[in-house]
Amino acid sequence: MRPWKRGDRPLHAPARAWKRRPRIRPGTLPGTLAHDAAAPPARVSLIRFAHDSFDEREVSVDEAVAAFAPGGVTWINVDGLDATVLKRLGEAFGLHPLALEDALDVPQRPKAERYEKHYFLVLHALRLVDGALTDEQVSVFFGERWIITIQERIEDETFGAVRAAIRHGRGRTREAGADYLAYLLLDSVIDAYFPIIETIGERMSVLEQEIVGTAATTECLLKIQQIRHELLALRRAVWPTREEVAALMRDESGLVAPETRVFLRDAYDHGVQALEIVESERETATSIMEIYLSTQNQRLNEVMKVLTVISTLFIPLTFIASIYGMNFEAMPELKWRFGYTSALGLMAVTAAGLVAYFKRRGWW
Amino acid sequence: MRPWKRGDRPLHAPARAWKRRPRIRPGTLPGTLAHDAAAPPARVSLIRFAHDSFDEREVSVDEAVAAFAPGGVTWINVDGLDATVLKRLGEAFGLHPLALEDALDVPQRPKAERYEKHYFLVLHALRLVDGALTDEQVSVFFGERWIITIQERIEDETFGAVRAAIRHGRGRTREAGADYLAYLLLDSVIDAYFPIIETIGERMSVLEQEIVGTAATTECLLKIQQIRHELLALRRAVWPTREEVAALMRDESGLVAPETRVFLRDAYDHGVQALEIVESERETATSIMEIYLSTQNQRLNEVMKVLTVISTLFIPLTFIASIYGMNFEAMPELKWRFGYTSALGLMAVTAAGLVAYFKRRGWW
Amino acid sequence: MRPWKRGDRPLHAPARAWKRRPRIRPGTLPGTLAHDAAAPPARVSLIRFAHDSFDEREVSVDEAVAAFAPGGVTWINVDGLDATVLKRLGEAFGLHPLALEDALDVPQRPKAERYEKHYFLVLHALRLVDGALTDEQVSVFFGERWIITIQERIEDETFGAVRAAIRHGRGRTREAGADYLAYLLLDSVIDAYFPIIETIGERMSVLEQEIVGTAATTECLLKIQQIRHELLALRRAVWPTREEVAALMRDESGLVAPETRVFLRDAYDHGVQALEIVESERETATSIMEIYLSTQNQRLNEVMKVLTVISTLFIPLTFIASIYGMNFEAMPELKWRFGYTSALGLMAVTAAGLVAYFKRRGWW
Amino acid sequence: MRPWKRGDRPLHAPARAWKRRPRIRPGTLPGTLAHDAAAPPARVSLIRFAHDSFDEREVSVDEAVAAFAPGGVTWINVDGLDATVLKRLGEAFGLHPLALEDALDVPQRPKAERYEKHYFLVLHALRLVDGALTDEQVSVFFGERWIITIQERIEDETFGAVRAAIRHGRGRTREAGADYLAYLLLDSVIDAYFPIIETIGERMSVLEQEIVGTAATTECLLKIQQIRHELLALRRAVWPTREEVAALMRDESGLVAPETRVFLRDAYDHGVQALEIVESERETATSIMEIYLSTQNQRLNEVMKVLTVISTLFIPLTFIASIYGMNFEAMPELKWRFGYTSALGLMAVTAAGLVAYFKRRGWW
Amino acid sequence: MRPWKRGDRPLHAPARAWKRRPRIRPGTLPGTLAHDAAAPPARVSLIRFAHDSFDEREVSVDEAVAAFAPGGVTWINVDGLDATVLKRLGEAFGLHPLALEDALDVPQRPKAERYEKHYFLVLHALRLVDGALTDEQVSVFFGERWIITIQERIEDETFGAVRAAIRHGRGRTREAGADYLAYLLLDSVIDAYFPIIETIGERMSVLEQEIVGTAATTECLLKIQQIRHELLALRRAVWPTREEVAALMRDESGLVAPETRVFLRDAYDHGVQALEIVESERETATSIMEIYLSTQNQRLNEVMKVLTVISTLFIPLTFIASIYGMNFEAMPELKWRFGYTSALGLMAVTAAGLVAYFKRRGWW
């Protein structure tokens, strides 16, 4: 596996999903494929299968183009964003330059665009890497019996399960066409949102425990804000993905078979579910924020109350003591036999009275 | 009644409705029915009725399938999620694999999906168990004169009233077809939301009393947040259920008779009502939260005010005393006959002045 | 006038509009009319009128049914919810059981439902009774030349003005049909919202004055919340009523004459106006809440500031005094002739300096 | 110019726009024109113009009705709400009673209603009178070649510019028909919103300066709330006015000429712009509110901090002094030669240490 | 380059985007082009190109009009708002007076208006000048093979890249018609939003660092509010621009070629992306605001806590000292040999006890 990097984002430090911004370059003409000299050559792999055959190998882009033949379904997978490879595939399969540009200028929003001879899908595969939500764009082109997928990173295993299912001919994977394969990819991307959602949910539970149980620190606040950012990033991925599925369901080009639609409806349903949980977790995050602010306040208030109670207790006592610290010549109490004891007694009574009063008011 | 459990959710500790998450397993092919070895066999019961006949017994799944015959309506009820039983029923009645998967992978969102030969409904029966909102998915398949219901838990009595109505031939229950029966089930699920809504409303009243009357504690805050979660869970159940009813009303397959639609409109109306009260209770919860925060603040403020007033009263007095505690040789007051009395008088006057001032400002 | 009560709601203590909940009884079959044995018999009155005739009397339900004859318009008004009367009317006029159930199981949402031979309207007549917003459901059934109204309470005078207008043949009340009469009822219900809205607006003005002028108490907070609840209840009544009018305007059954539609448009307009003012009052309520919280805060802050300023003034002075209260043998100042005067002067200077500083900072 | 008043609103104290409420009188029949005996007679003026002629004079209502003749456009303007005049015009031009009622029962919402033979427009002319946003309803009826405008107040100059443009035959004002004239009136009402919006914007700038620069007082809070009310009133005027223009654009009656539509689109655009700025000013108002609350808080915090720092500085010093104020016989320090100096030194060192600590923590 | 100014906005101090208000002049007739005597004459430049030809020069407006000839595309660019030039162009190309007025009365909202023979587009070119978001309106008229652009400022280089692309015949710029050129202008305006969005995002990161790291000052608050204003201004520019693109996509006049639509879809997509990031940055701004308020609070709380802890520690100690400062004759402790030491010990023990207590409670 060859290490490489593209722009400022090295292979093993993928960009945080919620800080990722599209690289629109003002001043360039639409449809321009900018060649990134620093990028290593992409890795191209080919899967060809029919009802009873299966072939999988690593190839060059020219071999891939040459291997496409009627009968069966051809799946060309490109790992790495390489303008040369994309141009070559674009010429061979008639991919639209604007779509190719979007495949190269990551990230784009999830979307399903229909061009004359093919569909262009943008998927966002989200993962938690070292606890941080990261994001990879997967571009999918599919037409009549062929499908091309372009992944940002080389070592990605996003579609491992789909590949295995075809390899072992599970279910109807080998019977159906490129549209069903595209559905499987979409479905696996959507399904992968759920473990992430669950992890975030668990983190929020832990955070809530912390906030209620012990002192709420600024770190907690930042953690909540981070989670809210991540939920927003999830939402921004899930919402348009759901719309994308809906667009495929409404297809009128004939590239999506009627049998595939019932599966798309299922994927749509998963999208709705994901969205719903994300929304509900956003509400939870807000509610944790409220609890944080409230307990933070309450804890301080308690501290201040105790401290003020202590001060308030001693200030009158000190006042009594200071009276008998005055140097007047004519202070009869000073000469009393039990003057001192009486003063101490007065103080004790005052203190007891104050404590009783505080207790009655519930401040002690 | 056989005790059993499925996954991490034992029979007598049903999952809290607002923490329940769908079990999407990334990497599995759509339409896969995962067999859960730990689950006990499901219990299958059969009801067959026509205008003038009624038959109800506990059967095996094969008996149930064999018993289906034209004339009358056949209702097969399955208690417990058992992949084997579902597969058998799926083959016999032509149930779609994706629908079967949704019946097994609980919870799904409430929805009405039309397949070629049948409808698939997901219902969410909510109950308050030991004060906690719990949730059971009920999956309903219905076609021409047959209906299959699948419940998560064995001991559930969700549809007891409907069963009794058929048993005693009340109303038009025996005249109508499977669609009317499906409506009755939907209706009984929706109607069961109302007592829950009412209970939550009462809890909020109690909570409001507590907050206004006595000290607001962190526990109150957590209770409000819990109620808000539950209301959100209710909303998430009610909203799509209402949409589900609307989808059945718009049916074009002929599986829903025109006579049934006016009843569905009634159920829809109940759904709207439920939603409206839930929304209004959500507003109430927010308003209780506001009252909580405000009274919590106000109470602390009162404490601080009283304490500060006490300190402020004694500090000037102590100052006067400390003046006459100075050891200057030439302090004529010290030698005055009524020096001490004058000093005490000055203190009394000062204290009275301060108290008067505080009273005039309304701080005392 | 016979006193009576129904369920837990006596005649003279009508339920608060914003706490009223529909009585859905889970487990009953749809269309069941529950007989409430405790309810007194309803009072039935009959109005029959044509262009040149008018007849008004109190009758039994059987007389009412018998009196219905072609020509002119027949208006049967039922005061009190009595299952027997409703059943009888239902049979005579072909009223749908679900509509009858809704007329009995108050409160329902305002709605206009079209059945085969008649319309069913639910109206909510709101009134301020002893300052509390109360609510009465009025159910209206109307068909070709007949109209039936069912009111919850017996002594209600909701439709007095409409009755008087017909009695004296004002305007076109006697020319038009049952649809125009239904419009008049709707209109009088909607117009009755305006004085309520105005009263709430005035209350808010008073409350705002109170909050800005004097100390904001917890009672103010509860009053605002109460007003917000009432506004929400109003909104929940007005919004669907407006939709109800819109539904009648879109009528395709022919039961609503084209001439009536321009009047319905006017009623719709009033509904929009009412809604708009309610919304604006809701904003005002929020803004009063904000003012409340802010002034409450500001007042406390002022108190704390003054108190702290006093303490801060005296603490340094006390410090000076305590220095000369030390018992060192070698303290030359103590022996100075003007030592005491100097010390007092030092205190005065310090105090003056602090006061000047506080004044310059704007704290005094 | 005759002084007069209507109801509780004298001529020179026009109602504040955001407190104005419609005068719906429950219990009156729709279409009733209530005669207000206290109102002075209205002033009627007539403008007749064609391509090459122009005639303008003050007339009685009967003269106005008589003067209407085919050819050219007739504009009857009524200043003052006078039921008699409206009735007379209603009979002559076939104005609908409901529309006449709306013209008399001010204020109504801005709206465009199409009746059989004419349009009825409600406009809201807003002005700032002595800094307060006031509102006048202008009712416009227009049909084929005639237009009637009814203004609430007599001295109003709302349409002075339009009148002047016709008088001098500027632009295409004399070529076009009554619809174009109606557009001009609408346009002049909408354009008059902009100076108001700008004035409110400037007030907010001043307020923001005040809040940031000096002490934020409760008065500031009330001013912000007042501005928010005014913005809401503006929004309530602008939003339906825009919809009104849209309704005219969609006209199907033929009363609005196709050439006029492009002008209406322009007016619509102005409406959208006005709305957008109002919305943006609402956001600004909210943000000023936030700044107000935050700076108010921060200022108090600063005060409290300084005061507390002072107290905290002197309390330990006083403690030291009070130690040497104790009267123990055996206190060696008291006899030291430099005891006093040492104590003062200890105090100085303590104070310096505290100040240094406070400075390091950034509290000084 | 000639320096000039228009109204109150000099050339080198462009108006802040979020404070810019449209100059609607109430009282003027629609379609009036107000001549601004202070404005210097505009600069007109002409580009003519066909597949194989290219011509670019600075001309007078009459030369520009004369140069328009069939074949190829004519692009007339006007720098500066000059009523005379616009009138001349309006006559020559049949531009609608309302559109011309909008080109002169800047700023208008971004919009695409179709007139009989041409489209009228309003674009908003945003830039960051000295860190402040500024805004220039660009008006675009395009018809069959001609395009006219009007820019507010003379030195603007908004379309430099497009001009260069045509000059060097890059891509299909020379093949396509005026609609494609209009698209290129739109696209370059939209793409220019992205660097601005990114800069604002970076500023927010810096601000967040500042707020979390050091003391949050009022300046931070104002900066956040400023950023929020700018984001709102961005949103107000991007949202209608996106709608503008959508309007062109739906064109039915034939002025927009079908081939151009796929490019417009791409531009639309960029608009959606921009909007999405702006929305997400608005959320981030809100979250920074929350962090600001929370940390500001927390920091003060910490200060108050420490100070109060110090006071609370010394007040009891001072009390002890003041007891032994009393002048009673009969105070046995005073005569003890180790009285003083004991007193000091008592103080030390008390202090230690308090510190231990504070530590245990986590307040130290």
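1. A good place to start in this predicted model is the rotation axis: of the residues of chain E, Gly325(E) comes closest to that axis, with its C-alpha at 4.4 Å.

2. Next, the symmetry itself. A turn of 72° and a shift of 0.0 Å along the axis lay chain E on chain A with an RMSD of 0.1 Å. This is the relation of a five-fold axis.

3. Now to where these two chains touch. Chain E brings 50 residues to the contact and chain A brings 42 residues. On the side of chain E that touches chain A, helix 4 (160-167), helix 5 (178-191), helix 6 (193-213) and helix 8 (258-323) each supply at least two residues. Helix 8 of chain E gives the largest share, 29 residues. By type, this side of chain E holds 22 nonpolar, 18 polar and 10 charged residues.

4. Do the copies meet through like or different surfaces? They meet through different surfaces, because only 14% of the interface residues of chain E are also interface residues in chain A.

5. Finally, please look inside chain E at helix 6 and helix 8. Their axes come within 10 Å and cross at roughly 15°, which means that helix 6 of chain E is roughly parallel to helix 8 of chain E. The crossing of these two helices is left-handed. Among the residues making the contact are Phe194(E), Ile197(E) and Met204(E) of helix 6, along with Ile277(E), Ile288(E) and Tyr292(E) of helix 8. The residues of this helix 6 and helix 8 contact comprise 15 nonpolar, 3 polar and 2 charged.

How values were computed
Residues numbered from 1 in each chain as written. Chains lettered and ligands numbered in written order. Predicted model: local features only at pLDDT ≥ 70, side-chain atom pairs only at ≥ 80, totals over all residues. Contact = placed C-beta atoms within 7 Å. Helix = DSSP H or I, 4+ residues; strand = E, 2+ residues; numbered from the N terminus. Nonpolar A, V, L, I, M, F, W, Y, C, P; charged D, E, K, R; others polar. Least-squares fit on C-alpha atoms with pLDDT ≥ 70 in both. Axes fitted to C-alpha atoms, helices over the stretch in contact; angles between N-to-C directions. Parallel < 35°, antiparallel > 145°, perpendicular 65-115°, else oblique. Left-handed = near helix turned anticlockwise from the far one by under 90°.
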